[in-house]
Each structure stands twice: as C-alpha cells, then as structure tokens.
Amino acid sequence: MEARTLSEALRRTMLERSWTQNELAHQLGTTQVWVSRVIRGATDPGIGKAAPLLARIGLEIRIVTQRDEGDEVKRREFLAAAASVMFIPSPTTTPYHDPDYLRALSASLANNRYAMGGNPLVPQALAQVARVRDVMGSAKSPALFTAASELMAQATLILYDANNLGQAEHVGALALRYATQATDHSAQARAFDILSRVHLYKGDHPRGIEYAQRGLAIPDLSPDQSAQIHMRLGRALAATPGQSQQSREALEQALNTDGLTAFSSAALLGDVGIGLGQLRDYTNANSLLDEAAAQIASRSPLFQSQYIGRQVLTAIASADASFAADRMHALARVLPFVSSGRMTVRVARILEKTSHWAKDPEVGPAREQLDSHSKSH
C-alpha cells in the first residue's frame, strides 16, 4: 500500500484490514476521536508524531523528492514545497517487535475481558497469537519474550472464558515457553497459574495440582501471585478425594496473604469461596462469594456474574431454594452485560439443577427470568 497523505494511509489501512475507527485507534494507541479528526483532515499531527504511531501498524513514512531540473539552485525551498510523503509498509519491522506495544495489547485484552467476557474477543486474541508467533522465531530480546508471554497469557484467558479449552491449553503452553526463554520468573509463575486453571476446568485435577506446585516453586513470587497460585492449588486439591485438609490449608494461606492489590483481593475472595463450596463449607463459601461479587461489580461484570453463578450452585447444593432464587434474579440482571462461554455452560447447569423446583413460587419465576436472558443473550 502506498498513500500520499496520512488521512489516506489510515483510510486504506482500515479498508485492507477490515478495521473500524475504534480498532485502528486501539492498534495505534490513540483514541477514536483522534483517528476521526485525522481522517477528516481536521488534525495534522505532523511527521514527528505520525511516524512512531504508524510504526505500530507496520507502516513507515518515506519522503520522496520530485526533482525539478529548472530549479536546482533553490533546493531547500524545493524540498519544502515539492516533497511527497509516502506511507508504505515497513519491510524490516512490525509493531509486534515492540515490547511496549505487546504490553499495551495485553492490557487492552484484559480490560475488555473483565468488562464483557471472552466470547467477543476470541477472533482478536487468535489474530494476536498468530502475529506474535510470526515474529518470535527470530526474537532475541528477553523483554520481547516477556511481553509476548504476557500477551499469550491474556489470549489464553480469553479462550478459556470462551470455553475453547484445547486452544487455551495450546496458547498457555506458548506463554510458558516465552516466559522460559525470557528467564522471567514472574512470567513463568503466571503461565503455570493459567495452565493450572485451564486443566482444573477441564477436570484434569492432577495436572492442575502439578502446574500449581510448579508455580509455587518459582522464587520471589509477588504477594498477588503467591495468593493466586495457593488458591489454585487449594481448588485443585478440593476436587481430589482425600485432600480436603491440604485444600483448606492452601486456601487459608491464599486468603491470609498480605499486600494484595484491591482487584486481586476482591477476586481472591470469590475464588477461595468457590474452593470452600467444593469442600461443602456452604456458609463460608456464600459469605466470601457475596463479598467478592459486591466488591468487584464496578471493576468486572464478568467476574461478578461468575461469583453470583457460583452462589446459585452453592445454594442448590445446600438445598436452599429461596437463596437460589434470589441469586438467580441477581444473575439475570448481570447476564446481559457479559458474553462468556463458561457462563453459558453455568447457566445451563443452573437451569438443569433447578428443574425439580420449577413449580416453586420463588424459584419458578427466577428460572424463567434467567432462561429468558440466556436465550436473548
């Protein structure tokens, strides 16, 4: 692609890559308003600002002089007046060679997953995986391997939430490979945690335990990572016969970790609550899940829906029809805001497990509301 103006370069990039203005803005690290103003000619950022932005989408600026044989004397004036700026694909680099760009993509994927769930993000995540793999074969920078591992980790979580577990396991393995090549302990711990999560959800509890234990063997874990992996180990052990005491110890160690971020603390309450529910400690499980759902509501509708859904299942397991109905109504109110393969599975499971309560005056209407939202969603 060759273009004579920045506006033309952006329009043609959107057309060739089937991007919206929002998607282009995301790739450039700017805003949709800025993209719109440049395309309309209302803003001219200048070459100094445009060049690094365009490098992020694999374009470079080339200045091509148009010789005028009759005016060689005034060369400076000629260059200022007659030079053409061409925006062409860069032959040597792509934005995927830039660790900062990969980290920005990771943050964007994470924020969008928290807000809406994994389903809508699967095409984007798979596209990012393919682009990263294209450049990592020749990569040598530890910083690039670390950033690539982080992006693969976020893509894994999106695929996991969309219930694409085979792809999630594959991309999670890439996250671990890049973290190992970077010799980055923190990235390795994150990859082990994510692989433990995927295998636990698949029902492969021994592998879930193995990956959690490998994660905990990493030196110098941050408080967030230590708590997260202890929780993961506790939940894997809770699903393993004869390991309830070890499970409780791991969950308690996670819950008693100091120095967590606000988001990690809220999420940990819910995840430990899920583990306690597996151990049939329904009272404490519901207390933690309720607190987690309330704390995390403003940060992640996805997590909120997951924790409320678990409350419903806990209420069903403890034969508390009234509380199950209350939580089903709450889940129905959150469900329209998320698109998650795991939530689709969970709602189907809730409806199946409450079918014997279909005529209950509290549960019956709650089931209808939840079923209606799940079908429309």
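This report walks through two helix pairs and two pockets in a predicted model.

## Helix 8 meets helix 10

Let's start with helix 8, which covers residues 142-161, and helix 10, which covers residues 185-202. Their axes come within 10 Å and cross at roughly 15°. Angles under 35 degrees count as roughly parallel, so helix 8 and helix 10 are roughly parallel to each other. The crossing itself is left-handed.

Who does the touching? On the helix 8 side you'll find Thr146, Ser149, Glu150, Ala153, Thr156, Leu157 and Tyr160. Helix 10 answers with Ala187, Arg190, Ile194, Arg197, Val198 and Tyr201. Sort the residues of this contact by class and you get 7 nonpolar, 3 polar and 3 charged.

## Helix 15 meets helix 16

Now look at helix 15 and helix 16, whose axes are 9 Å apart and pack at an angle of about 160°. Anything over 145 degrees counts as roughly antiparallel, so that label fits helix 15 and helix 16. This crossing is left-handed.

From helix 15, the contact uses Tyr282, Ala285, Asn286, Leu289, Asp290, Ala292, Ala293 and Ile296. Facing them in helix 16 are Phe303, Gln304, Tyr307, Ile308, Arg310, Gln311, Thr314 and Ala317. The class count here is 10 nonpolar, 4 polar and 2 charged.

## The largest pocket

Time for some empty space. The largest pocket has a volume of about 790 Å³, and 34 residues line it. If you want to find its centre, look for Tyr114, Leu157, Asp193, Arg197 and Gln228, which lie nearest to it. Two of these names should ring a bell: Leu157 and Arg197 are also part of the contact between helix 8 and helix 10.

Plenty of helices pitch in. Helix 6 (99-116), helix 8, helix 10, helix 12 (223-238), helix 14 (262-278), helix 16 (301-317) and helix 18 (341-353) each supply at least two lining residues. By class, the lining has 13 nonpolar, 8 polar and 13 charged residues.

## The second largest pocket

The second largest pocket holds about 610 Å³ of space. It is lined by 25 residues, and the closest to its centre are Ile274, Gln278, Arg310, Leu313 and Arg349. You've met Arg310 already, on the helix 16 side of the contact with helix 15.

Which elements give two or more residues to this lining? They are helix 10, helix 12, helix 14, helix 15 (282-296), helix 16 and helix 18. The lining residues divide into 11 nonpolar, 5 polar and 9 charged.

Conventions. Residues numbered from 1 in each chain as written. Predicted model: local features only at pLDDT ≥ 70, side-chain atom pairs only at ≥ 80, totals over all residues. Heavy atoms only, no water. Axes fitted to C-alpha atoms, helices over the stretch in contact; angles between N-to-C directions. Helix = DSSP H or I, 4+ residues; strand = E, 2+ residues; numbered from the N terminus. Parallel < 35°, antiparallel > 145°, perpendicular 65-115°, else oblique. Left-handed = near helix turned anticlockwise from the far one by under 90°. Contact = heavy atoms within 4.5 Å. Nonpolar A, V, L, I, M, F, W, Y, C, P; charged D, E, K, R; others polar. 1 Å grid on protein atoms, 1.4 Å probe; cavity = no way out; pocket = protein on both sides within 12 Å on 5 of 7 lines; lining within 4 Å. Points joined across faces, edges and corners; volume = space filled by probe spheres on them.
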